[in-house]
Amino acid sequence: MTEAPASRIALRTADASDAKELYELIQANLEEGHLLPRALGELTVHAGRFVVAVTARRIVGCAELAPLSPHVAEVRSLAVDGQARGSRVGVMIVDELRRRARHDGFEKLCAFTHAPGYFIHMGFSIVPHLWLTEKIFTDCVKCPHFRQCGQYAMVVPLDVAFDAERGYGLPAAAAAPLA
Ligand SMILES: CC(C)(COP(=O)(O)OP(=O)(O)OC[C@H]1O[C@@H](n2cnc3c(N)ncnc32)[C@H](O)[C@@H]1OP(=O)(O)O)[C@@H](O)C(=O)NCCC(=O)NCCS
């Protein structure tokens with residue numbers, strides 16, 4: 001199948017009725033993305049934190065904006081369907097999360113990933129895990145892979161000047177025309 005052009009991708013907030021599709025997309029990318037497994041019930045409860053990329057009414061990409069503290073939010077469960085890759089769907093989603101996080105008053109956006117190159121591309125920097133104690137005390141201490149997960153802690157400031165200089169966090173409509 002051909003790649004979905006970004007111009008035919010729309011971004012929207014997910015709702016509980018999307019939970020099953022979110023679950024399937026995350027499950028399909030668990031191994032490749034070293035994603036944390038998500039339960040269907042948890043996704044139903046937190047669906048409203050997800051931005052989804054949709055084409056022909058099908059969800060082809062997703063990520064959650066999860067608050068870790070009043071200052072720090074995390075990009076979680078970022079996944080793009082194999083057939084929709086390479087069309088900047090992932091960048092559009094992260095950029096939208098960045099815009100929402102900034103709008104909501106967070107100061108930093110972080111991600112924990114095995115793919116640091118992808119996030120560096122979007123202005124994130126690798127930082128010591130200890131710089132994100134919010135994540136360590138919220139999730140890491142409960143994780144069986146604590147201290148040996150091999151994930152990179154990444155962070156980007158949600159600073160208006162930083163974003164404006166690099167063109168990040170524009171409204172989605174300005175970044176790519178919607179269907
Ligand atoms: C990583 C992922 C979200 C990228 O989605 P995508 O929509 O295909 O990516 P984009 O089209 O937005 O990529 C934009 C750029 O990043 C680059 N890129 C893509 N995946 C990359 C990776 N893993 N590492 C480094 N760069 C990457 C692309 O080549 C592209 O570069 P360009 O701007 O020079 O053309 C997708 O491959 C995926 O779902 N992977 C499985 C799950 C996963 O790894 N999630 C992230 C873990 S936190």
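Two strands pair if DSSP finds at least two bridges between them. Helices (H or I, at least four residues) and strands (E, at least two) are DSSP runs, numbered from the N terminus. The model is predicted: local features need pLDDT of at least 70, side-chain atom pairs count only at pLDDT 80 or more, and totals for chains, interfaces and linings use all residues. Residue numbers start from 1 along each chain as its sequence is written.

**Exercise 1. Trace the sheet from its S1 edge.**

Which residue of S2 is the bridge partner of Ala 10?

Step 1. Get the overall count: the protein has eight helices and seven strands.

Step 2. Lay the strands out. The seven form an open, mixed sheet in the order S1-S2-S3-S4-S5-S7-S6. S1 (10-13) and S6 (125-127) sit at the edges with a single partner strand each, so one side of each has no neighbour in the sheet. On average, neighbouring strands are turned by 30 degrees against each other, direction ignored; the axes here are lines fitted to C-alpha atoms, for helices over the stretch in contact, and angles run from 0 to 180 degrees between N-to-C directions.

Step 3. Start at S1. Four bridges join S1 to S2, and the two run antiparallel. The partner of Ala 10 is Val 54 in S2.

Step 4. Move on to S2 (residues 50-55) and S3 (residues 58-67), which pair in the antiparallel sense over six bridges. Here Ala 53 has Gly 61 as its bridge partner in S3. The hairpin of S2 and S3 has two residues between the strands, and Ala 56 takes a positive phi near 50 degrees in it.

Step 5. Carry on to S4. S3 and S4 also pair in the antiparallel sense over six bridges, with Leu 65 opposite Val 75 in S4. The hairpin joining S3 to S4 goes through four residues.

Step 6. Watch the sense change: S4 and S5 pair in the parallel sense over three bridges, and Ala 73 stands opposite Leu 109 in S5.

**Exercise 2. Work out how S2 is covered.**

Is S2 largely enclosed or open?

Step 1. Fix the cut-offs. Buried means 20 or more other C-beta atoms within 10 Å of the residue's own, exposed means 12 or fewer, and partly exposed is in between, with C-beta atoms placed from the backbone.

Step 2. Count. Six of the six residues of S2 are buried, so the strand is largely enclosed by the rest of the structure.

Step 3. Split by face. In a regular strand the side chains alternate between the two faces of the sheet. Phe 50, Val 52 and Val 54 are buried on one side of S2, and Val 51, Ala 53 and Thr 55 are buried on the other.

**Exercise 3. Follow Ala 79 and Leu 97 through their contacts.**

Which residues does Leu 97 contact, leaving aside neighbours within four places in sequence?

Step 1. Define contact: two residues whose C-beta atoms, placed from the backbone, lie within 7 Å.

Step 2. Take Leu 97. Outside that sequence window, its contacts are Val 51, Ala 63, Leu 65, Val 75 and Leu 109.

Step 3. Now Ala 79, which is in strand S4. Ala 79 counts as buried because it has 23 C-beta neighbours inside 10 Å. Not counting residues up to four places away in sequence, Ala 79 touches Leu 25, Ile 26, Asn 29, Gly 33, Leu 35, Gly 61 and Cys 62. Its C-alpha is 7.4 Å from that of Gly 90, 11 residues apart along the chain.

**Exercise 4. Describe the shell around the ligand.**

Which residues come nearest to the ligand?

Step 1. Near means a C-beta atom, placed from the backbone, within 6 Å of the molecule or strand.

Step 2. Of the 19 residues around the ligand, Gly 33, Arg 85, Gly 90, Val 91 and Gly 117 come nearest. The elements giving two or more residues to this shell are helix H2 (30-33), S4, H4, S5 and helix H5 (116-121).

Step 3. Sort by class: eight nonpolar, eight polar and three charged residues. Ala, Val, Leu, Ile, Met, Phe, Trp, Tyr, Cys and Pro count as nonpolar, Asp, Glu, Lys and Arg as charged, and the others, Gly among them, as polar.
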